[in-house]
Amino acid sequence: EAIELGPYAHFMQKEIFEQPSAVANTLEMILNAKSISPNLFGNKAEEVFSRTSNVLILACGTSYHAGLVARHWLESVAGIPCNVEIASEYRYRNPLADQATLVVGISQSGETADTLAAISYAKKLGHQYSLAICNVPESALIRQADLCFLTHAGPEIGVASTKAFTTQLATLLLLAMVLAKMRHKLSTKDERQMIMALRHLPVALQHTLQIESQVKIWAKSFAQKRHALFLGRGVHYPIAMEGALKLKEISYIHAEAYAAGELKHGPLALVDNEMPVVAIAPNDQLIGKLKSNLQEVHARGGELYVFADADSQIMQSKNLHVIRLSEHAGILSPILHTIPLQLLAYHVALVKGTDVDKPRNLAKAVTVE
Ligand code: G6P
């Protein structure tokens, strides 16, 4: 294969470890800048964004999860309403169109049939402008969209998407910042602080990757299980969804993500010592609520595997295993919390001996319906 594995056993592992440089390459244009400009998204972006009062994100698979994270940022940073839809659902509904809604297509390959068709459909319905966030320059999505931003993740070979996801997230945060700035919702001071945080992101990712040896230990007990539940809240709920997707894609363990507050409305009935419960526990404003959700699982004999921030104050105890990341990373937290979940899926798959880079029945780009 033209692209070398180097010291890695699989492309997926290589791509997980490439994330610091993939994100740095994607953010290159702003890393030395003092301020951000709409031109990052193309020459026409300033004009288009000045007419944008809503965002509609269309995507599939992992890219859809990136969209779900972006909704939180677009609302909280830019104060802009945002809908996120699975492309294959959107294209067969009769949604209402609105000229002031910017349609954002997110796709690693830029060739996913449902995403391309959903964006064409949105335009046909009367949405005026589209923006592509894509990793492949000459792809159909890039050709089709009015504006574009290329994630510079480099070729992604593993079927399970990893570095494309984190570069999409970095890009979507930039989009939220640009829209916020144009809508006078971002002070110069906040803009500088966010640029500084983004500048530090590759280093923070590198640091997070160092938990690999701890995750490997968890992977051994996971590989014996048939089901797993992933819990998150707020902006980390889509990260739990992505963690569950990674695990099912490559280890074939049935995994389901739940918004932790929904536990009591069903999944709590499934909890026993045979079903590991993975929780994402950042030290954000929802940590208190999350802790009570974890207590609900613990009290019912569930086995918890918690990825906590260093300052989340969750103590290890019987049936409650904790791996600590750095202190809470603020708005960048969902990007950093993605890493341990990718590593978990990867190491569980290794123990199970599945075909990590080419899982059964799946394709890298789904170009037919
Ligand atoms: C396939 C891949 C996934 C990917 C999804 C969307 O299912 O196996 O990894 O997330 O397609 O692909 P896209 O290229 O549009 O991001």
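Me: Which strands does helix 13 lie across, and at what angle does helix 13 run to strand 8?

Reply: In this predicted model, helix 13 (residues 287–299) lies across strand 6, strand 8, strand 9 and strand 10. Helix 13 runs at about 170 degrees to strand 8. Angles over 145 degrees count as roughly antiparallel, so helix 13 and strand 8 are roughly antiparallel.

Me: Why are helix 12 and helix 14 called roughly parallel?

Reply: Let's set the angle against the cut-off. Helix 12 (residues 237–251) and helix 14 (residues 333–352) pack at about 20 degrees, with their axes 9 Å apart. Angles under 35 degrees count as roughly parallel, and therefore the two helices earn that name. Their crossing is right-handed. Among the residues making the contact are Ile239 and Leu247 of helix 12 and Leu341 and Val348 of helix 14. By class, this contact has 9 nonpolar, 5 polar and 3 charged residues.

Me: How do you know that strand 6 and strand 7 pair?

Reply: Two strands pair if there are at least two bridges between them. Strand 6 and strand 7 have 6 bridges, in the parallel sense, so they qualify. In one of these, histidine 227 has histidine 254 of strand 7 as its bridge partner.

Me: What makes strand 7 and strand 10 edge strands?

Reply: Good one! The open sheet has 5 strands in the order 7-6-8-9-10, with parallel pairing. Strand 7 and strand 10 each have a single partner strand, so one side of each is left without a neighbour in the sheet. On average, neighbouring strands are turned by 20 degrees against each other, direction ignored.

Conventions
Residues are numbered from 1 along each chain as its sequence is written. This is a predicted model: local features need pLDDT of at least 70, side-chain atom pairs count only at pLDDT 80 or more; totals for chains, interfaces and linings use all residues. Axes are lines fitted to C-alpha atoms, for helices over the stretch in contact, and angles run from 0 to 180 degrees between N-to-C directions. Helices (H or I, at least four residues) and strands (E, at least two) are DSSP runs, numbered from the N terminus. Angles under 35 degrees count as roughly parallel, over 145 as roughly antiparallel, 65 to 115 as roughly perpendicular and the rest as oblique. A crossing is left-handed if the near helix is turned anticlockwise from the far one by less than a right angle, and right-handed if clockwise. Two residues are in contact if their C-beta atoms, placed from the backbone, lie within 7 Å. Ala, Val, Leu, Ile, Met, Phe, Trp, Tyr, Cys and Pro count as nonpolar, Asp, Glu, Lys and Arg as charged, and the others, Gly among them, as polar.
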